[in-house]
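Dear colleague,

I am passing on the structure we spoke about, and my notes on what was found in it follow below. Please read them with the coordinates open beside you.

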Amino acid sequence: MQILDRLYNYVNYLLKLNTLKSQLRFWGFMLVLLPCVSLMLVFTYYELQNTKREKIDNLQLMITMQHATIDKWFNERSSVIRDMTNWPVIKAQEPDIAAINDRIQQFLQSQDEFFNVGYINKDGITIVNPLAAPGRDVSDRLYYHVAKQGKEYISDVLIGRGAAAGQPVIVFSSPVFDEKGQFKGLIAGSVKLTTIDKIMQQFHFGRTGETYLVNQDGLMITESRFTDQMVKTGVIKDTSRLNLSINTEAFRLARQGQAGYAAYTDYRGHEVLGAYRWLNSRNWIIIGEVEQTEILEPFYREIGIMFVCFLTLMAASLPLSMVLANRLETPIRRLIAGADAMRTGDYSYRVEQSLIDGSVSEIRDLCNIFNYMAENISTKTETLNCANQALTEARDTALDASVAKSQFLANMSHEIRTPLNAILGMGDLLWDTSLTTEQEKYVRVSRSAGENLLNLINDILDISKVEAGHFSLDKVEFDLTDIVEKTCEILALRAHEKDIELSQYIAPGTPVNLVGDPARLRQIITNLVGNAVKFTESGEVVLEIKEGLQLQDGRLELSFIVRDTGIGIPLDKLDHIFERFTQVDASDTRKYGGTGLGLAISKHLIEMLGGSIWVESTLGAGSIFSFTALFDRGSEQARAGQLSIDCIKDQKVLIIDDNATNRLILRETLTAWGAQVDEVSSGQAGLAQLELASANDTPYSLVLLDGCMPEMDGFEVAAHIKAAPHIAGTTVMMLTSNARSGNIQRCTELGIAGYLVKPVKRSELRQSILNVLGRCQLPGASTLHDQQMTDERQQIPVKILLVEDSVDNRLLIESYLKKTSHQLDMAVNGEIAVAKFKLSRYDLVFMDMQMPVMDGYQATKAIRNWEREQGLERTPIVALTAYALQEDTAKTREMGCDAHLTKPIKKSVLLEAIARYAGGKQT
């Protein structure tokens, strides 16, 4: 054992050290080990195969001999019974019963194997039976029926009856014929299995070898060598035959008519090697088995001897390999010590010159290189330590600055948004009141300044998220048309103030049911279209969307193009406009405001969406911003413009608009709906086209008329139509970029049937056409006025608790809800809010998160705990806060809020939140 332990430690030592010494010793050892192991494996394999083959050959020879002996025994017994049928006393025409009985008795006395022999007549009645009274009817027995057919019969092993009860026997029978060849009866004899048992027991060999017979049902016919042992262990109950069921691999293969050998688990659960053969004449199976442990004992002895020899050879080779390794390792041992010293940080170690001079050339070069390296490392380590210390101090300073910046941005966002909420909210309320022209101008400037300030704050927060890597994408299903139309509807207010045409165009066939992040897409479109409006003084801004590439993974690429007629971008600025804090006009006296962050944020979001952005521009003529984005297809792939409406189909429509883009959008939309569309670019051309159609008796059903056109505007065209009797009956709809209240009054006076503000939504255009033509209305569609009236009629009072410490914001929310039927209760801090919540039930809670005494986080947590203690249903709580970072939203959710609304809050957003989160009170 000591030798084995030392060998193991030595090999382990070699494997752990990657040194020249270890390599020399290892390969010296392997030169001896590998041939020895290879020879041992080859010898082991062939020896194992030879051992098994020898046992298999012996087993097969044994069962072959037994097979022949058993067949011979059956043939001899059949011959004996056959000879008895030819006895004269039996062949006689009138058999002498007494003589037959005497002859059978004599036969039984001379034959120990035969248990009994009987004579049965042709009717199946026993005539002679030494062990039983004659007259027994055996016509139901199989051996009688076989004999009646003139055939001999040999049964399977049976358990005897009567005097032979419990004894295993085999019944032999042979028919008796008279002189005319007629069936006269049969001789039947039951034979003991004594001889067969002797045949099987003669071939027991070794400690575990045995042979046995199994019938076709898997029952053992002969006794097992291990019967007594199995009775003691409870495997079988007694030693009677046909009491042990066999279902081994050998039995299954033999039943298929095969002969051969196999390794398997025997009926005792031992691993054995067995040979098997099917006895065709008897439908029996003969199996010979011996346990594998006994077979392999000689093999294991030989392997043990070989292994001892192998270890002896290995032990003899170790000194040889060590001597070889020591002769080569001594020159470099000092180098190892030097390297170890450098590993521990001691760079003063140098290899002595005497060692260098006495070494071979390769080792000498290695030592010189080591000394040179050690000198350089010592110098550079000192420099590096100084640099690392400076970098550590700079890193700590940067981390502190980043935390301070994030906290500063959050605090500044809160402090600015809180008063801004009141400023914008009051501005919106004031805008809805009756104002003079001068007052409208002042309020418009105030609202615009507030919106610009809010955009500035949002841009700063977004760029902070970009730097921190906190931007993430949602994946929800949305309607592209809805996103584009609502976004452009908001931006249209800015465009109309500058008398700019703002158009949106989704190319026909473009999928609009998409899966992606609609909020980020809306932010990109808002930035790009908003910039286009800001830098355009006249002309138009067009948003165009069309289908791009179909990717192999099933995703869809869409192309977005924002085209304007603005100031354009100089060529030297094109490569820099997507950088942060960059604008085309960067002078101190620049005309256009903004931080220059919008395009940088948009570029980052587009790349997150799997797309790219680029720009083409001509100075003074306008710019074209293009970007792509990847989306998954929605569940129902609706496509833009592919809707045919029977009520509009085949209607003649004339478009009068000086803007080519608007005409293109209207023409393709109406054509997709099945209308017959003509277009002209001026009022005079439109009137001429109406006159021509009337003269040809093909009048137009509808005229879509632009309100703002040069030379002759839409109102002048409408007045001419009204004054001309032959075309006065034509239905006219006004599409305008100017939503002044006076225009609506003028439309009524001129008999204009409909009035829509650009950019026109498809759904509104479709429903308005149906309304003005007096046609059918689409299911679920209604006009804006009808919808507002329906919302007011369906509104049910909601009891709301507003928790807000700012007087201005409380007044603003109260003003928003003044014309509604909702009941508003207020609390100035979280402590008062919790007390009020416990005294009264509310349908909805608006919770400011930053308050004195008890903030909104603590108040929300206290309310949720109280609800759980009282077993109450959860009341919706909406955070109404000026904190707008993503972690702020996550924190309010964690505290128990159901939603997070960021100040400043629009009236429409507030009412939508009430309708959504107090849904149990809404019809």
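**The four-stranded sheet**

Thr211 stands opposite Gly288 in E10, and that pair is a convenient place to enter the structure, which, please bear in mind, is a predicted model. The pair belongs to the antiparallel pairing of E7 with strand E10 (residues 284-291), which runs over six bridges. Both strands are part of an open sheet of four strands, in the order E7-E10-E9-E8 and with antiparallel pairing. Its edges are strand E7 (210-215) and strand E8 (260-265), each of which pairs on one side only, and neighbouring strands of the sheet are turned by 30° against each other on average, if direction is ignored.

Further into the sheet, E9 and E10 pair in the antiparallel sense over eight bridges, with Ile287 in E10 as the bridge partner of Tyr276. Tyr276, in E9, is also the bridge partner of Gly260, within the antiparallel pairing of E8 and E9 over six bridges. Strand E9 (residues 271-279) is mostly covered, since seven of its nine residues are buried.

Two hairpins connect these strands in sequence, E8 with E9 and E9 with E10. Between E8 and E9 there are five residues, and Gly269 in that turn has a positive phi of about 90°; between E9 and E10 there are four residues, and here it is Asn283 that has a positive phi, of about 60°. Helix H6 (residues 194-201) lies across E7 and E10, and runs at about 135° to E7.

**Two packed helices**

Towards higher residue numbers, helix H23 (residues 830-839) packs with helix H24 (residues 856-870) at an angle of about 20°, their axes being 9 Å apart. Angles under 35 degrees count as roughly parallel, and H23 and H24 are therefore described as roughly parallel to each other. H23 passes H24 in a right-handed crossing, and the contact is made by Gly830, Val834, Phe837 and Lys838 on the H23 side and by Ala859, Ala862, Ile863, Trp866 and Glu867 on the H24 side.

**Glu501 and its surroundings**

Which side chain does the side chain of Glu501 meet in a polar contact? The partner is the side chain of Asn662, at 3.0 Å. Glu501 is found in strand E12 (residues 501-506) and, because its relative accessibility is 10%, counts as buried. Leaving aside neighbours within four places in sequence, the residues in contact with Glu501 include Gly539, Val541, Asp706, Ser737 and Lys758, as well as Asn662.

Lys758, one of those contacts, is joined to Pro759 by a cis peptide bond, with omega about -5°. Pro759 has its place in the loop between strand E22 (754-757) and helix H20 (762-772).

**Backbone points to check**

Most residues other than glycine have a negative phi, and most peptide bonds are trans. Against that background, two further residues may deserve a look. Asp499, in the loop between helix H13 (480-497) and E12, has a positive phi near 55° and is exposed, with a relative accessible area of 55%. Glu711, in the loop between strand E20 (702-706) and helix H18 (714-723), likewise has a positive phi, near 65°, and is exposed at a relative accessible area of 73%.

With best wishes

Note on methods:
Residues are numbered from 1 along each chain as its sequence is written. This is a predicted model: local features need pLDDT of at least 70, side-chain atom pairs count only at pLDDT 80 or more; totals for chains, interfaces and linings use all residues. Side-chain values use heavy atoms; hydrogens and water are left out. Buried means under 20% relative accessible area, exposed over 50%, partly exposed in between (1.4 Å probe, protein chains only). A polar contact is a pair of N or O atoms within 3.5 Å; within protein, one must be able to donate a hydrogen and the other to accept it, and residues adjacent in sequence count only if both atoms are side-chain atoms. Contact means heavy atoms within 4.5 Å. Two strands pair if DSSP finds at least two bridges between them. Axes are lines fitted to C-alpha atoms, for helices over the stretch in contact, and angles run from 0 to 180 degrees between N-to-C directions. Angles under 35 degrees count as roughly parallel, over 145 as roughly antiparallel, 65 to 115 as roughly perpendicular and the rest as oblique. A crossing is left-handed if the near helix is turned anticlockwise from the far one by less than a right angle, and right-handed if clockwise.
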